[in-house]
2 protein chains.
Amino acid sequence: MRKACENPPKPTVERLPIYRRALEILLDEGCEYTSSCELAELAGVTASRLRKDLSFFGRFGTAGMGYPVRELLDAVNSILGTDRLRDVLLVGMGNLGRAIANHAPLRKCGFRIAAAVDVSPAKVGRVICGVRCYPPSETARLVREGGIEFALLTVPPGAAREAAERLAEAGIKAILNFTPVHLRLPRSVVVEEVDFGILLQKVAFAVTQGGGENA
Amino acid sequence: MRKACENPPKPTVERLPIYRRALEILLDEGCEYTSSCELAELAGVTASRLRKDLSFFGRFGTAGMGYPVRELLDAVNSILGTDRLRDVLLVGMGNLGRAIANHAPLRKCGFRIAAAVDVSPAKVGRVICGVRCYPPSETARLVREGGIEFALLTVPPGAAREAAERLAEAGIKAILNFTPVHLRLPRSVVVEEVDFGILLQKVAFAVTQGGGENA
DNA sequence: CACTCCTCGTTACTTTTTTCACAAGAATGA
DNA sequence: TCATTCTTGTGAAAAAAGTAACGAGGAGTG
């Protein structure tokens with residue numbers, strides 16, 4: 001039922017995790033089948049957009065019946081690559097790093113903090129929030145031997161660029177960048193920026209200009 | 001120099017904070033003037049897109065010269081509503097809440113954690129990470145008396161919906177939702193979702209499918 | 001078995017967003 | 001002063017994304 005994935009639009013891909021979350025809710029409730037209407041409602045999109053999004057990846061439903069929840073969830077997981085638990089490297093065991101290490105919902109999304117890296121000698125060697133802490137010099141070894149593809153960058157702004165370059169050299173595939181620093185890395189490394197300040201500015205505009213139009 | 005803001009595209013608005021960040025870097029470096037090429041390079045967009053984005057809000061540059069950094073930054077701040085320090089309410093003083101309370105860069109973006117709310121009696125009344133902690137019952141008073149418009153929702157998933165509704169009733173204007181729960185609130189409240197799991201899934205797709213195309 | 005109802009997947013259409021290319025305008029130097 | 005050289009701002013074309021409508025095809029019913 002999987003298509004050869006004829007280059008789906010970027011917004012479509014960004015909605016897949018939202019569908020996934022909705023499907024998990026339905027599964028928890030014991031629903032075996034759902035409709036595009038119901039699922040779209042849960043995900044906060046229109047039914048036709050949901051159907052079109054899914055159609056980029058294959059045919060998952062049966063006319064008149066809807067979608068089998070379990071199967072569709074498996075399919076979405078397979079598309080996203082979250083069908084197995086993936087190891088993540090935490091770079092920077094500060095406040096934010098610890099918060100993420102303790103962030104339970106990550107596990108439900110298919111990710112596990114496999115190890116952490118920090119410059120502080122007080123942290124290296126210890127297990128903090130359930131995660132063992134290594135010195136930065138171990139980065140490459142951890143990535144290679146652990147087969148780690150993803151990193152969370154939660155170091156102070158001043159250390160961001162160096163840490164990112166170290167990760168890139170180690171062969172990391174993707175970085176979730178929580179620092180307010182624009183990283184300049186080879187295109188082979190996927191970088192996703194998560195800047196709380198930028199997000200707040202975005203809603204600040206919506207509030208001041210729009211006078212309260214929702215997204 | 002400000003236009004009447006003829007409904008700028010949403011993507012344009014989302015890029016403004018990025019331009020803002022680039023402008024601050026230039027200002028720190030002591031640059032008085034910059035060009036659309038230089039600024040676009042720093043922001044990671046094309047020069048024509050930058051110029052078009054700015055054109056939605058007015059005319060800020062002079063042909064042959066470029067843009068005056070200080071003035072353009074002031075203008076962007078004015079557009080975004082970050083020209084003055086804005087108070088933010090932190091809801092949920094857990095690991096993530098504390099991390100954000102300590103997150104220095106927020107201040108540079110024009111935001112200040114004015115107060116926190118938490119259910120735990122052990123936290124209420126204390127000052128944690130420089131922020132005074134109040135019980136949830138005080139939410140409405142804090143929002144009203146402090147003139148607070150923005151809230152950061154960092155409570156456990158199970159408490160998210162109730163806390164969000166309390167905020168909406170208190171008259172909050174916007175919520176940055178760090179919980180993996182889809183909030184259903186009146187359209188008058190701007191909600192921005194920040195779900196680490198969803199972000200990881202997004203890059204997971206990019207890595208597995210794209211084989212490494214950057215965003 | 002025939003009929004109706006329901007829901008998917010797809011196609012055509014509309015809107016939004018991006019890209020490209022160029023005219024207008026300001027500074028510089030002879 | 002005048003030509004030259006930049007660089008902006010903008011309008012048109014192209015691309016991307018979203019919306020709506022429709023046909024196809026099972027499921028349930030009598």
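**Group meeting: DNA strand D and the A/B interface**

Let me start at the DNA. The side chain of Lys52(B) puts an N or O atom 3.2 Å from a base nitrogen of DNA strand D. Keep in mind that this is a predicted model.

Now the backbone of the strand. Ser36(B) uses a backbone N or O atom, which lies 2.5 Å from a phosphate oxygen of DNA strand D. Arg49(A) uses its side chain: an N or O atom there is 3.5 Å from a phosphate oxygen of DNA strand D.

Next, the wider surroundings. There are 26 residues around DNA strand D. Which of them come nearest? They are Lys52(A), Ser36(B), Arg51(B), Gly61(B) and Tyr67(B). On the DNA side, sugar and phosphate make up 63% of the strand D atoms that come within 4 Å of the protein.

Which helices build that surface? At least two residues each come from helix H1 (10-29) and helix H3 (47-55) of chain A, and from helix H3 (47-55) of chain B. H3(A) gives the most, with 4 residues. By class, the surface near DNA strand D has 8 nonpolar, 10 polar and 8 charged residues.

On to the protein interface. Chain A and chain B each put 69 residues into the contact. Together they bury about 6,000 Å², and 68% of that is on carbon and sulfur atoms. Three residues of chain B stand out: Arg21(B), Leu200(B) and Gln201(B) supply 12% of the area that chain B buries against chain A, more than any other three residues.

How many salt bridges cross the interface of chain B and chain A? The rule finds 10. One of them joins the side chains of Glu193(A) and Arg21(B), at 3.2 Å from N to O. The rule also finds 10 residue pairs in polar contact across this interface. Helix H9 of chain B, residues 196-208, gives the largest share of the side that touches chain A, with 13 residues. That side counts 40 nonpolar, 14 polar and 15 charged residues.

Last, one residue of chain B: Thr139(B). Thr139(B) is found in helix H7, residues 139-146. Is Thr139(B) buried or exposed? Its relative accessibility is 3%, so Thr139(B) counts as buried; the cut-off is under 20%. Beyond its neighbours within four places in sequence, Thr139(B) is in contact with Leu89(B), Val117(B), Arg166(B), Leu167(B) and Ala170(B). Thr139(B) and Gln201(B) are 62 residues apart along the chain, and their C-alpha atoms are separated by 34 Å.

How values were computed:
Residues numbered from 1 in each chain as written. Chains lettered and ligands numbered in written order. Predicted model: local features only at pLDDT ≥ 70, side-chain atom pairs only at ≥ 80, totals over all residues. Heavy atoms only, no water. Contact = heavy atoms within 4.5 Å. Buried area = accessible area lost by both parts, 1.4 Å probe. Salt bridge = Lys/Arg side-chain N within 4 Å of Asp/Glu carboxyl O. Polar contact = N/O pair within 3.5 Å; in protein donor to acceptor, adjacent residues only side chain to side chain. Nonpolar A, V, L, I, M, F, W, Y, C, P; charged D, E, K, R; others polar. Buried < 20%, exposed > 50% of the residue type's maximum accessible area, 1.4 Å probe, protein only. Near = heavy atom within 4 Å.
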